[in-house]
Structure formats: structure tokens, C-alpha cells
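Colleague: Hi! Could you walk me through this model?
Modeller: Happy to, here it comes.

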Amino acid sequence: MTNTLQIGAYEVPVRYRPDVCIIGAGPSGVAAAVAAARQGLSVLIVEKYGFSGGATVAGLSGTICGLFSSGKKPEQIVFGFADEFYRLLQARAGVSDPVPFGNTMLVPHDSLKWKETADDLLLVNGCTVLYHTCFLKAFTDPGGRITSVLLRGQEGQFAVVPGFVVDASGDAEVVHSVSGATYLGNNGIVQTPTMIFKMGNVDIPAFMALNPTELNNKIAAADRSGNYRLPRHHVYIFPLPNSGEVLCNMTRITNEDGTVPLGIVSEDLTYAEIAGRKQAREYARFLTEQVSAFSKAYICDTGVQVGIRQTRSIVGKEKLMNADVITALKTIHAVAHSAWPIELHSAGEVKIHCLDNDYYEIPFETLIPRHSANLLVAGRCMSAEHEALASARVTAQCFGMGYAVGAACGLVLREKLKAENLNGLMVKEWMKQHHLKNTYEQ
């Protein structure tokens, strides 16, 4: 067995030969890694940052969304791995009590404890973790099977020879690198980035007494006054587990011409990072000057990177349609479900469409790239229409999708199948046989 590979003019060492190689250690990647490892598969998970968490940690989105039902009395309806991770965070005092979000609820969490929980889960399940390692390219044989993956670590370039690959990059990086079919938002229009920030030394009792509608109106009036530049008027602020800290999801970043920066273009990302930090300072100035609960507060931190909601989506075996969310689709091929609203962040204001005492289901086939032999995706690069993705991309559902994909790795490798021939029924039956709880099971 060779220990090097010839890639173009270069010979690179082969460092790993795992059953499963996962690109991206966000919620979907972590869930996929754990599910695959629990079937006795060798797992390598690769992450460009020095921690797991993806957008929920690096982007500081800081909340587990999608666990609860919608209606007057929201109750937890999503379980499985999402609930397992939630309970582990609770045991570390790493989450606040659930807080209202429209007609559902979400759970703010501590980012450091999220990282630590993911570290422990990956290691205790025997996964090999590579932080500070970037995906460069995947290579295929004539039949479309991925034969090797080129990575770049701090020590240089090296190769991985995997049995199966999971693209949990959020940006469909692996699919794109092998010329798989992808598309970008709604005819190239994607949701706006947000630079989320934390404020410390907040008067929490006074903050909790704030009326969100009145705060939004006050922001709009301050923006119109010309004394502040506050482009987004519909904002979210949540209390964090740490005393005196709140999470501020307030900014809306567009280019000077009103277009939306793309999270897969370095120049756009650079602009968004700089503009986002300036906006965060301006919103913090407004809060400290105009809202008494923040009179002694200060910015603790911003996200490690600007929060990206949407980039490439795969052309999948099936697509989650906008109407599927609105009409509460039910399907025998579902591997995850959600009552989270369509939460669309555009160059205008935030648009919310809530489900009323119902939920929709996400078919496994939305995670299967067309003509895929040994590749599946998990997370926000799933196959979905623009508005549907604005609901399905949140943390609890990414956990559920990832866990199902990790289970499917075992099904494909043990039964010698092609990924393109899978369906949700097959995956759910395999999960049942191997005691891998789906999102419906407590």
C-alpha cells in the first residue's frame, strides 16, 4: 500500500485512510462523526478552525434553534442527537433557559462549553480530529467515486484516502471541487451576513423587562435621526448563561451598492468582516447611550468570523421546497423535522413566516448529491429552495441531518451500496437496527 500520492507535479504523503472523512466540524459534522463512529467505523473529521461548532460558535450565533414546537405553549419536539448535545450542555451549565422566539423558543448557549462538549464527544467516540486543517480538493475515479482528498495542515499538504466522504463544510466545498452541481440562493441572491457580538456588564433584570417591539421601534427612530447608522431595525438580543452577558444579533451587512456579500468570495468576506465590526460598535454605542439596561455595558467580543447564513446548495436527489415548509410536509423518507419559522434575512428587513402548531419533515434525499457514489452532505448546503433553507439550516436540524448521514455511512460501507441509491426509509431502518436515535426518539 503506497504511502504517497502523485497529485499533478507534486508527490504528497498519505497520512490517513479512514472509513469516513468528514469535512467541517459544525453541528452536522460533529453529529455525522459520532453516528459513524458508533457503528465501529474509523472517522477523521477535518476543521479549518481550532475548535468545533461552525457558524454557531465561530459566527457566534450562540443559540440552539429548532428544538421546540410552534404555538402558544411550545414544547420540545426534536430529540435524538440534538437532545443529547443539549443535555450535555445543560450538565455543564452551558445553556440558558429556553427563551421565546416568535411563537417558538430557542436555547442560548456558552460558546466555550459548546467547544468542550464537542471535543469530548468526538474523542470519547474514538474519532480522529484535525483542527487547523483546510480542505483543498477531492479527486474521483472515472465512476465518480472519491478516491482521495487533499488537505493542508500547518505542516503542509497531505492526502487522505477515505472509504466515504461527508461534506459538512456548509459551503458544499467537496461537491464543488468534484464539479458536482450546485446553485447559489435565489438566482444568486443569498441571505445577508451578520456580525454577532456579545455585551457584558448588562443589567439583566432591566434587560429582561425590555419590550422587543419598543426596542425595534427605538432603533428605527435612532437610525432615521441621523445620529446613528443602524441599518437593521428588527433585532434579537438573548441572555447568555454567564452573568451579565447578552448575545446581540443586530447587524445587517450589505455592500455599498446594496448587494449582499458572498461567503465564498474572499474580497466579499473581508469587506463583511470589517463592516460588521464597525456596525457592531455602532449598535453597542446606541445601546449604551439610549437603553438604560446597557448604560454600563461594553462589547465582550464579536464572532471569530462574520455569520454566514447561505452560500452554495447542492442539486440533490430531492429538494426541500418553500411550499413543503409552509404546508408542513410529511414524508416517509424524513430523517429530521422542524417547527422553526422561515427566518429570511435579506437586504431589506427580516421576514418571518411561522408555522402554526405544526411542523414539516426533511427528506434524507435532500442530502444526496446527484450521481454520488461515496459522498453525502449535511447541514446548510442541503438541497433546498431559498426560503425553505432559511428554516431548515438551524442547529437542531443540522444535528439531525448530520446524525442520519453518519448512520448512512455505515449502511453504504457495510452493504456496499452507492450513496445515490439510498433513501430515507433505508436509513431510518438502519438507524433502528444499530440503536442510533433519530430526531423523533427521546
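Colleague: Is Cys381 buried or exposed?
Modeller: Cys381 counts as buried, because its relative accessibility is 0%. Buried means under 20% relative accessible area, exposed over 50%, and partly exposed in between, with a 1.4 Å probe and protein chains only. Keep in mind that this is a predicted model, where local features need pLDDT of at least 70, side-chain atom pairs count only at pLDDT 80 or more, and totals for chains, interfaces and linings use all residues. Residues are numbered from 1 along each chain as its sequence is written, and side-chain values use heavy atoms, with hydrogens and water left out.

Colleague: Why does Cys381 have no bond to Cys398?
Modeller: The sulfur of Cys398 is the closest cysteine sulfur to that of Cys381, but at 9.0 Å it is too far for a bond. A disulfide is a pair of cysteine sulfur atoms within 2.5 Å.

Colleague: And what about Cys354, how far is its sulfur from the closest cysteine sulfur?
Modeller: That distance is 13 Å, to the sulfur of Cys65, so it is too far for a bond as well. Cys354 is partly exposed, with 32% relative accessibility.

Colleague: How many disulfides turn up in the whole structure?
Modeller: The search finds zero.

Colleague: New topic! Where does Lys428 lie?
Modeller: Lys428 is in helix H11, which covers residues 424-433. Helices (H or I, at least four residues) and strands (E, at least two) are DSSP runs, numbered from the N terminus. Lys428 is partly exposed, at 24% relative accessible area.

Colleague: Which residues is Lys428 in contact with?
Modeller: Setting aside neighbours within four places in sequence, Lys428 is in contact with Ile332, His333, Ala334, Val335 and Asn438. Contact means heavy atoms within 4.5 Å.

Colleague: How many helices and strands does the chain have?
Modeller: There are 11 helices and 23 strands.

Colleague: What about the overall size, what does the C-alpha trace span?
Modeller: About 70 × 50 × 40 Å along the principal axes. The radius of gyration is 21 Å, which agrees with the value near 22 Å for a compact globule of 442 residues. That radius is taken over C-alpha atoms, and the globule rule is 2.2 Å times the number of residues to the power 0.38.

Colleague: And how much of the chain is buried?
Modeller: Buried residues make up 58% of the 442.
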